[in-house]
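Me: Hi! Could you walk me through this model while I have it open? I'll ask short questions as we go.

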Amino acid sequence: MVMGPTHAMSGAALWLAGSAVADLAFGIDQSSAELVVGTIVASGAALYPDIDCAGKVTENKGGSTVARSFGVASLFVAEIVERLCYWFYLLTKSKKDKKRKNGHRTFTHTAVHAALVGTGTGFLAYQFGKPAVIAILFVLTGLAVRGLLAETVEKKGWLVTTGVALVASYGMYRFLPEGRDYWVLGLAMGIGCFIHILGDMITKMGSPLFFPIPIQGRRWRDIGLPNSVALRAGGKEENRILLPILTVLVVIGMFYNVPEVQQLIFDQSTGQGASE
């Protein structure tokens with residue numbers, strides 16, 4: 001699978017780019033706090049689909065980056081999700097679909113799931129307000145920390161992830177402006193899940209993006225790049241090319257979306273136009 005930092009960075013990059021486009025094209029502006037929250041949520045959500053990759057719960061080993069985020073607790077959740085996904089695959093697969101031994105890269109790696117989980121997250125945040133928002137931020141902040149600081153957290157343990165997520169989620173909520181709807185968290189969740197799927201599609205395994213639409217008689221047809229150009233997950237191309245590019249894009253996006261930087265850019269542009 002694609003490494004956690006790459007997934008997390010891709011979610012952050014897409015949210016920052018989308019925020020810039022929304023501001024320029026539609027005049028949808030965000031406060032600094034909203035931008036930070038959306039970026040972190042999208043970053044954490046970009047790891048979430050791998051919750052279907054479980055490890056050894058009793059030994060607190062194995063599994064995906066996301067499954068290890070909160071120690072045994074998240075490994076237990078991953079075990080349940082993987083089994084549910086596997087059973088769902090067995091119930092819905094066609095005769096031409098391949099045999100599987102687990103549920104990894106099945107339902108949580110589809111566009112249908114991204115839409116459902118994004119809608120559900122937005123509904124919870126909008127309907128239940130503060131309690132739901134803090135819970136959502138806690139979980140997704142933990143995933144973002146686990147993905148972006150994978151090596152550090154691996155050494156220090158899941159307690160670091162949990163502690164940072166708890167403090168950061170509460171702090172972010174306190175800085176969010178009053179009188180705003182929190183449905184945007186659902187949008188960030190859906191976008192993060194979708195970019196995860198696209199990230200897996202550039203590897204040799206691919207993802208069943210279009211489930212349940214049959215393709216060549218298979219409901220679970222993995223969509224991806226040809227093997228000749230597909231990336232090897234965790235390989236040199238990901239570490240030396242893709243991850244650095246995403247990191248640069250995130251840095252540029254962060255600076256561009258700072259209100260003071262935008263004011264400087266557009267004021268200079270307006271001033272030049274007026275002088276001509």
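**Salt bridges and beyond**

Reply: Happy to. Let's begin with D222 and K98, whose side chains meet in a salt bridge at 3.1 Å, N to O. A salt bridge here is a side-chain nitrogen of Lys or Arg within 4 Å of a carboxyl oxygen of Asp or Glu. This pair links distant parts of the chain: D222 is in the loop between α8 and α9, K98 is in the loop between α3 and α4, and they are 124 residues apart. Helices are DSSP runs of H or I with at least four residues, strands are runs of E with at least two, and both are numbered from the N terminus.

Me: Before we go on, what kind of model is this, and which pLDDT limits apply?
Reply: It is a predicted model, where local features need pLDDT of at least 70 and side-chain atom pairs count only at pLDDT 80 or more, while totals for chains, interfaces and linings use all residues. Residues are numbered from 1 along each chain as its sequence is written, and side-chain values use heavy atoms, with hydrogens and water left out.

Me: Thanks. Is D222 buried or exposed?
Reply: D222 counts as buried because its relative accessibility is 13%. Buried means under 20% relative accessible area, exposed means over 50%, and partly exposed is in between, using a 1.4 Å probe and protein chains only. Its partner K98 is partly exposed, at 39%.

Me: Which residues share a network with K98?
Reply: Salt bridges that share partners join K98, R100 and D222 into one network.

Me: And what does D97 pair with?
Reply: D97 forms a salt bridge with R218, and the closest N and O atoms are 3.9 Å apart. This is another link between distant parts of the chain, with D97 in the loop between α3 and α4 (111-128), R218 in the loop between α8 and α9, and their positions 121 residues apart. D97 is buried, since its relative accessible area is 6%.

Me: How many salt bridges are there by this rule?
Reply: The count comes to five. One of them joins the side chains of E79 and R83 at 2.8 Å, N to O. Both residues lie in helix α3, four residues apart, about one turn of the helix. R83 counts as partly exposed because its relative accessibility is 48%.

Me: Staying on α3, which residues form the nonpolar patch?
Reply: F76, I80, L84, W87 and L90 form the patch on the surface, with about 510 Å² of accessible area together. Patches are made of residues with over 30% relative accessible area and no salt bridge, joining like charges within 9 Å and nonpolar side chains (Val, Leu, Ile, Met, Phe, Trp, Tyr) within 5 Å. Areas come from the Shrake-Rupley method with a 1.4 Å probe, and for residues only the protein chains shown count as cover. L84 sits in helix α3 (residues 72-92) and is partly exposed, with a relative accessible area of 48%.

Me: What does UniProt list as "transmembrane region"?
Reply: The unreviewed entry lists residues 70-89, 110-126, 132-150, 157-176, 182-199 and 241-258. Positions follow the numbering used here, feature names are shortened, and annotations may be inferred rather than shown by experiment. In the model, residues 70-89 are 90% helix and 0% strand, with end C-alpha atoms 27 Å apart. For residues 110-126, the chain is 94% helix and 0% strand, and the end C-alpha atoms are 24 Å apart.

Me: Switching to the inside, how many residues are in the largest nonpolar core?
Reply: It has 44 residues, and those with the most contacts inside it are V37, V41, V133, L137, Y182 and L185. The largest share, six residues, comes from α1. A nonpolar core is a set of buried Ala, Val, Leu, Ile, Met, Phe, Trp, Tyr and Cys residues joined through side-chain atoms within 4.5 Å.

Me: What does V41 touch?
Reply: Leaving out residues up to four places away in sequence, V41 touches L137, L140, L185, A188 and M189. Contact means heavy atoms within 4.5 Å.

Me: Last one: how many helices and strands does the protein have?
Reply: The protein has 10 helices and two strands. Buried residues make up 45% of its 276 residues.
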